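Open the model in a viewer and keep a selection prompt ready. The stops below go from one part of the fold to the next.

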Amino acid sequence: SEIAGKVVMMSFVIPVTFILALLLRPELHLTAGRVMLFLPALAFAWLLRFFWGCALALLAFWATRADSLLALQDALIFLLGGQVAPLLLLQGAVKTAATILPFRYMLSFPVELLTGQLSPTAAIQGFSYQIGWLLFTLLLYTQIWRRGLRRYTAVGG
């Protein structure tokens, strides 16, 4: 369902992006190096967001309103992932939280790589955070799944 949802969403996003690019004429100076960094960062971002969402959804083994947790995740990605405003504009503790928490690495980090906003050191640090959060999320997902299966009981016949 994740892939089907992405296909449907992209059928709207790609034409709108193309039209906006024609109208606004943004400056994007792509290089092979930026694209080579962007592609794995994009794949890791998708995996991180997917498994993070799955881990939250698996909390439905214990809670009746897991959808509220997914809505909270979307709000945090909106605020701390760079969707509402570039993370460069954030200050103080909010900027620190955005750097440490996984939401930046689900959205903003691949774009920052593609647009050349990061130094090589910052790119390496960003990949380290992204991969670290992905490994943590996979472990979290696996643990919640195993514990949830032990708790689950089917009713009916």
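Start with the place where α2 passes α3: the crossing is right-handed. This is a predicted model. Select residues 32-58 for helix α2 and residues 66-80 for helix α3; the two pack at an angle of about 150°, and their axes are 8 Å apart. To see the contact itself, show the side chains of R49, W52, G53, L56 and A57 on α2, then those of A66, L69, L70, Q73, D74 and I77 on α3. Sorted by class, this contact of α2 with α3 comprises seven nonpolar, two polar and two charged residues.

Now zoom out to the whole chain. How many helices and strands does the protein chain have? It has six helices and zero strands, so the pattern read along the sequence is α-α-α-α-α-α. Along the principal axes, the C-alpha atoms fill a box of roughly 60 × 35 × 30 Å. Colour by accessibility next: of the 157 residues in the protein chain, 25% are buried. If you draw the contacts between residues at least 6 apart in sequence, 68% of them join residues at least 24 apart.

Select residues 120-151, which form helix α6. Is the distance between the ends of α6 in agreement or disagreement with its 32 residues? At 1.5 Å a residue, α6 should span 46 Å, and its end C-alpha atoms are 46 Å apart, which agrees. Within α6, pick out the buried residues: A123, G126, F127, Q130, W133, L134, T137, I144 and G148. The buried residues of α6 pack against three other helices, namely α2, α4 (92-100) and α5 (108-114). Show those three together with α6 to view this packing.

Stay on α6 and turn to the side facing α2, where F51 is the residue to select. F51 sits in helix α2. Is F51 buried or exposed? Its relative accessible area is 18%, and buried means under 20%, so F51 counts as buried. Leaving out residues up to four places away in sequence, F51 touches T137, L138 and Y141. Measure from F51 to T137 with the distance tool: the two are 86 residues apart in sequence, and their C-alpha atoms are 6.3 Å apart in space.

Switch the display to aromatic side chains. The structure holds 11 aromatic pairs. In the pair of F51 and Y141, the ring centres are 5.4 Å apart and the planes stand at 65°, so the pair is edge-to-face. Because F51 lies in helix α2 and Y141 in helix α6, this pair ties together parts that are 90 residues apart in sequence. Y141 counts as partly exposed, at 25% relative accessibility. Add W46 and F50 to the selection: ring pairs link W46, F50, F51 and Y141 into a cluster.

For another ring pair, select Y105 and F109. Their ring centres are 5.8 Å apart and their planes are at 55°, so this pair is tilted. Y105 is buried, with a relative accessible area of 0%. F109 is also at 0% relative accessibility and counts as buried.

Next, go to the loop between α2 and α3 and select W62. At 41% relative accessibility, W62 counts as partly exposed. What does W62 contact, apart from its neighbours within four places in sequence? The residues in contact with W62 are I144, R147, G148 and R151. Of these, I144 and G148 appeared earlier among the buried residues of α6. W62 and R151 are 89 residues apart in sequence, with a C-alpha to C-alpha distance of 8.4 Å.

The last stop is R25, in the loop between α1 (2-24) and α2. Check its backbone torsions: R25 has a positive phi of about 50° although it is not a glycine. Is R25 buried or exposed? At 65% relative accessibility, R25 counts as exposed.

Methods: Residues are numbered from 1 along each chain as its sequence is written. This is a predicted model: local features need pLDDT of at least 70, side-chain atom pairs count only at pLDDT 80 or more; totals for chains, interfaces and linings use all residues. Side-chain values use heavy atoms; hydrogens and water are left out. Axes are lines fitted to C-alpha atoms, for helices over the stretch in contact, and angles run from 0 to 180 degrees between N-to-C directions. Helices (H or I, at least four residues) and strands (E, at least two) are DSSP runs, numbered from the N terminus. A crossing is left-handed if the near helix is turned anticlockwise from the far one by less than a right angle, and right-handed if clockwise. Contact means heavy atoms within 4.5 Å. Ala, Val, Leu, Ile, Met, Phe, Trp, Tyr, Cys and Pro count as nonpolar, Asp, Glu, Lys and Arg as charged, and the others, Gly among them, as polar. Rings of Phe, Tyr and Trp (its six-membered ring) pair if their centres lie within 6.5 Å; planes under 30 degrees apart count as stacked, over 60 as edge-to-face and the rest as tilted. Buried means under 20% relative accessible area, exposed over 50%, partly exposed in between (1.4 Å probe, protein chains only). The expected span of a helix is 1.5 Å times one less than its number of residues.
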